[in-house]
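This report describes one protein chain, from its overall make-up down to single residues. Please look at the sequence and the structure before reading on.

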Amino acid sequence: MPRTAPRSLPRRVLHSGRPRRTGWRRLVPTWRFALFSGAAAVLLGVGLFALGVLLVRVPDAHAAATAQRNTWLYRDGSVLAQTGQTNRQSVTLDQVSTEAQHAVLAAEDRGFYREGAVNPAALLRAGWNTATGKGAQGGSTITQQYVKNAYLTQSQTISRKAKEIFIALKVDATLSKQEILANYLNTTYYGRGAYGIQAAAQAYFGVDAAKLDATQGAYLATLLNAPSAYDLSTATAAGKRAATARWNYVLDGMVKEGWLPAADRADLTLPQVRAPQPALGLTGQAGYLVDAAKDYLVAHQLVDEAALAKGGYRITLSIDRDRQSQLQGAVQQQLTDQLDSDQRSADADVQTGAVSLDPKSGAVLAMYGGEDYTAHFVNNATRRDYQAGSTFKPIALAAALESGAKTQDGRAITPDTVYDGANRRPVQGGTANPPYAPPNEGEREYGRITLRQATDWSVNTAFAQLAQDTGLEKVKQSAIALGLPADTNELDPVPSLPLGVSMPSVLDLAGVYATLDNDGQRISPWLVQAVQLDGAKVPLPPRQSGQGVSPQTARQVTDMLRGVVADQGGTGWRAQDLGRPAAGKTGTTDGNRSAWFVGYTPELVTSVAMFGEQAGTGKQVTLSGAAGGGRVNGGGYPAQIWTDYMKAALQGAPVRDFTAPGGALPPQEAAGTPGPSAPRTPHPRAPGHGRPAAPGPAHPSAPHTPATQGSPAAPPAGPASPTHPAVPPTPPPARPTTSTPVEPATPARPTPTPPTPPTPSPPTPSQPAPPVRPDASPPVPATAG
């Protein structure tokens with residue numbers, strides 16, 4: 001049988017070693033194709049991811065994430081006020097307790113220190129739970145949450161999530177874990193308007209973050225899930241159950257991670273959460289204190305205003321919380337409670353300022369700036385627009401004694417130098433033409449008196465001559481050496497300078513008297529004790545000090561100012577009620593626009609002033625008529641406020657005496673008993689000071705004998721003290737009863753019988769003490785008081 005030739009096959013079949021793929025198999029890629037495609041995809045993905053990491057930059061943190069409040073503290077660390085829109089005070093990680101740190105990690109990211117910036121498994125799990133209807137789930141690490149808080153928005157979009165991942169990887173590569181955790185703790189929200197763990201610790205527990213225990217830290221970590229719903233003080237019953245469950249979850253996580261012993265965990269209970277507190281704003285005295293502290297910071301170039309506006313500062317003041325309250329209480333009780341602006345228009349024009357400081361350190365311990373900062377923004381304790389009046393006279397005393405000044409006839413000036421206190425006596429030796437001839441308060445006549453008596457009674461004519469004898473430029477330079485700012489308004493060397501035409505602040509004068517109290521050593525008053533920014537201390541400059549006058553001069557002036565308080569007839573006699581050694585000076589100014597009392601004990605200096613300021617316009621007006629009285633003198637309300645405050649501030653403190661001009665006096669340890677002092681023979685009460693004076697005509701403006709040192713016109717009756725001779729003033733001639741009204745009688749006090757013609761009997765003990773005294777005397781440039 002013949003053979004047939006085989007059928008020829010297609011070329012592709014003949015040359016192929018694989019069977020042909022037909023049907024559905026043609027749709028399945030080969031393993032080689034899949035391998036190479038997968039590799040290419042991975043490489044492409046890695047490349048795109050790397051490109052994303054490269055191209056996506058870490059933006060600047062947005063303002064809301066960095067905005068902070070400034071926190072202002074009393075010297076004991078308690079909060080005085082907070083300023084700024086965002087309640088945040090950033091802290092370093094070492095200022096957050098370890099328990100609180102572990103609680104947040106247990107709640108939010110237990111593998112934070114072991115894992116990277118992104119947890120893919122957690123992201124996939126969160127995505128799956130969300131997709132399958134189990135609710136929105138969080139798969140973000142703490143690093144991602146910090147990135148979202150600081151750099152991005154809270155929107156739930158894929159693009160935002162992608163940016164979050166890329167930025168988180170970059171942040172993780174550039175910051176340490178500790179830095180990331182600290183930033184997270186400072187940017188997250190805890191409810192009650194509190195951003196950051198420091199603000200939250202204060203809002204919920206009233207403590208700093210460094211003092212949070214495990215229960216408190218766990219509670220704050222619980223709030224991160226639902227701040228409002230989990231606030232135990234306001235939550236519903238369901239919210240409280242959910243908060244409790246979450247709190248237990250956090251503590252159990254701490255045990256699991258080895259951060260909390262199981263035995264300790266068993267004994268823990270929910271912490272006591274404080275009720276929501278009102279924001280500590282600038283009402284009352286807080287605004288005055290904060291403003292004064294800001295001025296101090298800026299003036300000493302510690303912080304500029306732009307930096308303060310940015311926030312983040314933690315500023316501790318020198319203010320003692322108890323003494324601040326005592327000063328406010330004294331003003332309220334002695335003055336504010338007596339005012340009724342609805343019944344008396346003059347009462348609406350009364351402003352008060354006060355400062356109390358430590359004479360040894362210069363620390364301002366209390367400051368009263370006005371009734372309420374939100375109603376009257378000018379700080380009455382630091383304003384420099386009212387005359388100081390006779391509170392300036394101790395500066396003239398110090399200048400004369402320190403410089404070795406002499407009288408017109410060449411005798412050295414001492415506290416016992418005799419001056420002519422005649423009303424409107426022309427100053428001798430000056431260049432003014434006509435000679436300067438100031439009136440005494442109330443046009444009163446004093447005759448020949450010692451400089452000590454002129455100080456007690458605040459005699460203008462004697463001090464005008466004293467300043468001329470000393471040299472007006474020397475008086476000005478002594479004021480600066482004692483602590484007055486060189487740029488103080490009206491601190492010019494003019495004949496009226498010693499009578500107080502200059503305009504220092506209440507704080508400035510407190511500093512001057514502190515120098516006298518501190519044996520002449522000047523330490524400028526300071527208000528800021530410490531400054532921190534984001535946990536780091538801001539260095540403070542050395543406190544300025546220097547020798548203002550010699551210790552001998554300071555002690556002599558102090559000894560003379562003691563007579564203002566202690567001697568019968570002294571203008572500051574109301575301060576005797578303090579019951580311990582004190583020195584001070586009153587002041588009342590032209591038109592009765594201001595009234596002052598500045599006084600001190602060895603432990604404390606306090607300056608008090610009242611100002612007449614027309615409500616609504618700020619115009620300077622008279623204080624006369626305030627509280628239904630007449631003329632307001634420094635020995636009235638200011639001295640009463642001073643005494644009331646000093647009693648409270650020094651309660652329980654040992655009674656100490658001043659150092660005598662010739663040497664030290666021992667401290668008195670028996671509280672409540674005045675210490676010894678240099679012997680003082682009482683001199684008669686000056687006309688018009690504390691008791692009614694016999695009226696008489698004004699002394700004619702004619703030249704008088706220059707001041708001399710020696711015997712006065714009339715010899716003293718009885719033995720004279722070597723430190724304070726009993727020198728009576730020349731008795732004034734009788735005045736017609738129709739002349740200037742005299743001040744009313746003050747409360748009965750032991751009054752020595754003067755060696756001059758008898759004075760009217762004192763009022764009965766039941767008669768109340770009038771806080772002010774009417775006076776119709778004509779205005780003077782700056783008057784006694």
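In this predicted model, residue D519 lies in the loop between helix α20 and strand β8 (521–523). D519 has a positive phi of about 55°, although D519 is not a glycine. With a relative accessibility of 24%, D519 counts as partly exposed, because the partly exposed class runs from 20% to 50% relative accessible area.

Another loop residue has a phi of the same sign. A627 is not a glycine either, and its phi is positive, near 60°. A627 is located in the loop between β14 and α22 (637–649). Most residues other than glycine have a negative phi, and most peptide bonds are trans. A cis peptide bond is found between N433 and P434, with omega about 5°. P434 belongs to the loop between β6 (418–420) and β7 (448–450).

**The chain as a whole**

The chain contains 22 helices and 14 strands. Of its 785 residues, 51% count as buried. The exposed surface of the chain is about 34,800 Å², and carbon and sulfur atoms supply 55% of that area. Among contacts between residues at least 6 apart in sequence, 72% join residues at least 24 apart.

**The five-stranded sheet**

Strands of a sheet pair through backbone hydrogen bonds, either parallel or antiparallel. Here, five strands form an open sheet in the order β5-β4-β14-β13-β12, with antiparallel pairing. Strands β5 (364–368) and β12 (583–588) are at the edges and have a single partner strand each, so one side of each has no neighbour in the sheet. From one strand to the next, the twist averages 5°.

Strand β4 (residues 350–357) pairs with β5 in the antiparallel sense over four bridges. β4 also pairs with β14 in the antiparallel sense, over eight bridges. The table lists residues of β4 with their partners in the adjoining strands.

| Residue in β4 | Partner residue | Partner strand |
|---|---|---|
| V355 | M367 | β5 |
| S356 | A366 | β5 |
| G353 | A609 | β14 |

β4 and β5 form a hairpin with six residues between them. In the turn of this hairpin, G362 has a positive phi of about 85°.

How many of the eight residues of β4 are buried? Eight of the eight are, so β4 is largely enclosed by the rest of the structure. V350, T352, A354 and S356 point one way from β4, while Q351, G353, V355 and L357 point the other way. The residues on both sides are buried.

Helices lie against this sheet. Helix α15 (residues 321–334) packs on the sheet and touches β4 and β5. The direction of α15 makes about 30° with that of β5. Helix α20 (residues 506–517) lies across β4, β5, β12, β13 (594–600) and β14 (605–612). α20 runs at about 150° to β14.

**The helix pair α9 and α10**

Two packed helices are described by the angle between their axes and the distance between the axes. Helix α9 (residues 197–205) and helix α10 (residues 214–223) pack at an angle of about 110°, and their axes are 11 Å apart. That makes α9 roughly perpendicular to α10, because angles of 65 to 115 degrees count as roughly perpendicular.

Which residues of α9 meet α10? They are I197, A200, A201, Y204 and F205, and on the α10 side the contact is made by Q216, Y219, L220 and L223. By type, the residues of this contact of α9 with α10 divide into eight nonpolar, one polar and no charged.

α10 is mostly covered, with 10 of its 10 residues buried. Among these buried residues are A214, G217 and T222. The buried residues of α10 pack against α4 (98–108), α9 and α11 (237–256).

The loop between α9 and α10 holds A210. A210 is partly exposed, with a relative accessible area of 44%. Leaving out residues up to four places away in sequence, A210 touches Q95, V96 and S97. A210 and L93 are 117 residues apart in sequence, and their C-alpha atoms are 9.1 Å apart in space.

Terms used. Residues numbered from 1 in each chain as written. Predicted model: local features only at pLDDT ≥ 70, side-chain atom pairs only at ≥ 80, totals over all residues. Heavy atoms only, no water. Axes fitted to C-alpha atoms, helices over the stretch in contact; angles between N-to-C directions. Helix = DSSP H or I, 4+ residues; strand = E, 2+ residues; numbered from the N terminus. Parallel < 35°, antiparallel > 145°, perpendicular 65-115°, else oblique. Contact = heavy atoms within 4.5 Å. Nonpolar A, V, L, I, M, F, W, Y, C, P; charged D, E, K, R; others polar. Buried < 20%, exposed > 50% of the residue type's maximum accessible area, 1.4 Å probe, protein only. Pairing = 2+ DSSP bridges. Areas by Shrake-Rupley, 256 points an atom, 1.4 Å probe, with all protein chains shown as cover.
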